[in-house]
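Q: Could you take me through the metal site of this model, one piece at a time? I'd like to know what holds the ions, and what sits around them.

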Amino acid sequence: MVETGGARAVARCDALGAAPYSELEQGLYRGYLTPAYHATVDLVGAWMVDAGMDVDLDAAANLHGRYEGEAAGAPALVIGSHLDSVRDGGCYDGPLGVMLGIECVAALNEQGRRLPFAIEVYGFGDEEGSRFPAAMLTSRAVAGTLDVDLGAIADAEGVSMEVALGSFKTDYDVVTAKTPTNTFSTRTYRAARRAPEDIVAYLEAHIEQGPALEAEGLALGTVTGIAAQLRYAATVRGMAGHAGTSSMPLRRDALAGAAEMVLAIEEIARADGSDLVATVGRLEAMPGAANVIPGEVRFTIDVRSGEAARRDRAAREILSRLEQIASKRGLVLDLARVHDLPASPCDPVLMDLLDAAMVEAGQPVRRLVSGAGHDAMVMASLCPTAMLFIRCKDGVSHNPAEHVEPADADAALRVMRGFIEKLGQKHLGDSFADRT
Ligand code: GLV
Ligand code: MN
Ligand code: MN
């Protein structure tokens, strides 16, 4: 059987789902700038080279490939998604969009075709925020909206992002010097930040991470926009003490307080009754022993809604309830806002092009909003954006059970290629040339 581009894209994501492309013995965790990320960049970079691209890394360690257009140096259609994963995640959240971008270029390269614009493919390094306490750091570097002090944010081991980035680059130079010729040189790093005039548009294909398409028997959907997100890092301080000798009324138990806070957050989000969602996804109790009352707890809060005002209202209510709980229990609460992205509408002209490509590929047109965050919401400050959603089994994501059918990936590839052709017909002299 001849392998299709979609099937190859899925198989490549599968191949990246285990060591050395994962930090885990069992399952997938690929944090930004980890050895697993390094191995992934090497392999995906070599696939980009095979597809006919010039490949490099940028200063934020994003993997970047470029396929020139008819004229060298032309503005580019950027196709991208992320190569990092959540802890114990699935294989397709992120990498599938990168692999499908590579397949689009591979198909053009096989035909020896050049377009009125270049095509660039990005494998972004940090979208999930699974290593450092902030997210979408690397697309923000590309869009020029990175406002984080890299020396001030650190991973769970206390390694700052500045140090991690520095050692990744040093290590990278040493290792690539020994790699075979089908890979790429990274001795110089391209500047991460891109100018709006160099980019025509941004296209991201991604699994839906929800159940809507599957429920309707559809393989694909056109995304209309991405929900606004807000994240906080919370620290609750009480007093550690002996679990056997401290009487209940005298305790200042940080974990019991944090537990009440987690339930309050859930209650506020449930009561809203809209698309608003709030999640505590990570919680650590210190010192973490069976016979010690927890003295300190750290947890994350993630709040989202398609409507920024609703999200902000809920966040204010959450913060005020948390303060009340802390003061009632004699605890000290510190809250740091670590991530704040506005809702991001997709470009109407590009949505129409995607819909038209969908019709041409024999796919019913379906538009839907994204509750999950994507690099597209950051790239939107740089250029018009479009997103194509691909059905995933049972709507499951951020879970090892994540699954996508190769036939659906293939349908997505046909639509992406149709979209590129249509963009080529529209390009230059039309509305895109006038946009900033
Ligand atoms: C990314 O997966 C996000 O929506 O947090
Ligand atoms: Mn994700
Ligand atoms: Mn993702």
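A: Here is a walk through the metal site, then the ligand beside it, then a few residues elsewhere. Keep in mind that this is a predicted model.

Start with the two manganese ions, ligand 2 and ligand 3, which are 3.5 Å apart. Asp-93 coordinates both of them, so it makes a handy anchor for the whole tour, and at 5% relative accessibility that residue counts as buried.

Take ligand 2 to begin with. Its protein donors come from Asp-93 (OD), from Glu-128 (OE), which is listed twice, and from His-398 (NE2). Those atoms lie 2.1 to 2.7 Å from the manganese ion. Written along the sequence, the spacing of the donor residues reads D-x34-E-x269-H. That brings distant parts of the chain together: Asp-93 sits in the loop between strand S3 (76-82) and helix H3 (95-110), while His-398 sits in the loop between strand S16 (385-390) and helix H11 (406-426), 305 residues apart. His-398 counts as partly exposed because its relative accessibility is 43%.

Now the other manganese ion, ligand 3. Here the protein donors are His-82 (NE2), Asp-93 (OD) and His-206 (NE2), at 2.0 to 2.2 Å from the ion. Their pattern along the chain is H-x10-D-x112-H. Again the site links distant parts of the chain, with His-82 in strand S3 and His-206 in strand S5 (residues 199-207), 124 residues apart. Both histidines are tucked away from the probe: His-82 has 0% relative accessibility and counts as buried, and His-206 is buried with a relative accessible area of 1%.

Next, ligand 1. The residues surrounding it are Glu-127, Glu-128, Gln-229, Arg-231, Arg-304, Ala-372, Gly-373 and His-398. Two of those names should ring a bell, since Glu-128 and His-398 are also among the donors of ligand 2. As for polar contacts, an oxygen atom of ligand 1 is 2.6 Å from a polar backbone atom of Gly-373. On the side-chain end, a polar atom of Arg-231 lies 3.0 Å from an oxygen atom of ligand 1, and for a polar side-chain atom of His-398 the figure is 3.1 Å. On its own, ligand 1 has 200 Å² of accessible area, and the protein covers 95% of that.

Ala-372, one of the residues around ligand 1, leads on to Ser-370. A polar atom of the Ser-370 side chain lies 2.7 Å from the backbone oxygen of Ala-372. Ser-370 belongs to strand S15 (residues 367-370) and is buried, with a relative accessible area of 1%. Leaving out residues up to four places away in sequence, Ser-370 touches Val-223, Gly-225, Ile-226, Ala-227 and Phe-389.

Finally, a look at the nonpolar packing. The largest nonpolar core has 76 residues, and those with the most contacts inside it are Leu-96, Met-99, Ile-102 and Phe-419. Setting aside neighbours within four places in sequence, Met-99 is in contact with Ala-9, Arg-12, Cys-13, Leu-16, Val-44, Trp-47 and Leu-83.

Key. Residues are numbered from 1 along each chain as its sequence is written. Chains are lettered from A and ligands numbered from 1 in the order in which they are written. This is a predicted model: local features need pLDDT of at least 70, side-chain atom pairs count only at pLDDT 80 or more; totals for chains, interfaces and linings use all residues. Side-chain values use heavy atoms; hydrogens and water are left out. A nonpolar core is a set of buried Ala, Val, Leu, Ile, Met, Phe, Trp, Tyr and Cys residues joined through side-chain atoms within 4.5 Å. Buried means under 20% relative accessible area, exposed over 50%, partly exposed in between (1.4 Å probe, protein chains only). Contact means heavy atoms within 4.5 Å. Donors are N, O and S atoms within 2.8 Å of the metal (3.2 Å for Na, K and Ca); water is not among the atoms, so sites may look incomplete. Helices (H or I, at least four residues) and strands (E, at least two) are DSSP runs, numbered from the N terminus. A residue is near a molecule or strand if one of its heavy atoms lies within 4 Å of it. A polar contact is a pair of N or O atoms within 3.5 Å; within protein, one must be able to donate a hydrogen and the other to accept it, and residues adjacent in sequence count only if both atoms are side-chain atoms. Accessible areas come from the Shrake-Rupley method with a 1.4 Å probe; for residues, only the protein chains shown count as cover.
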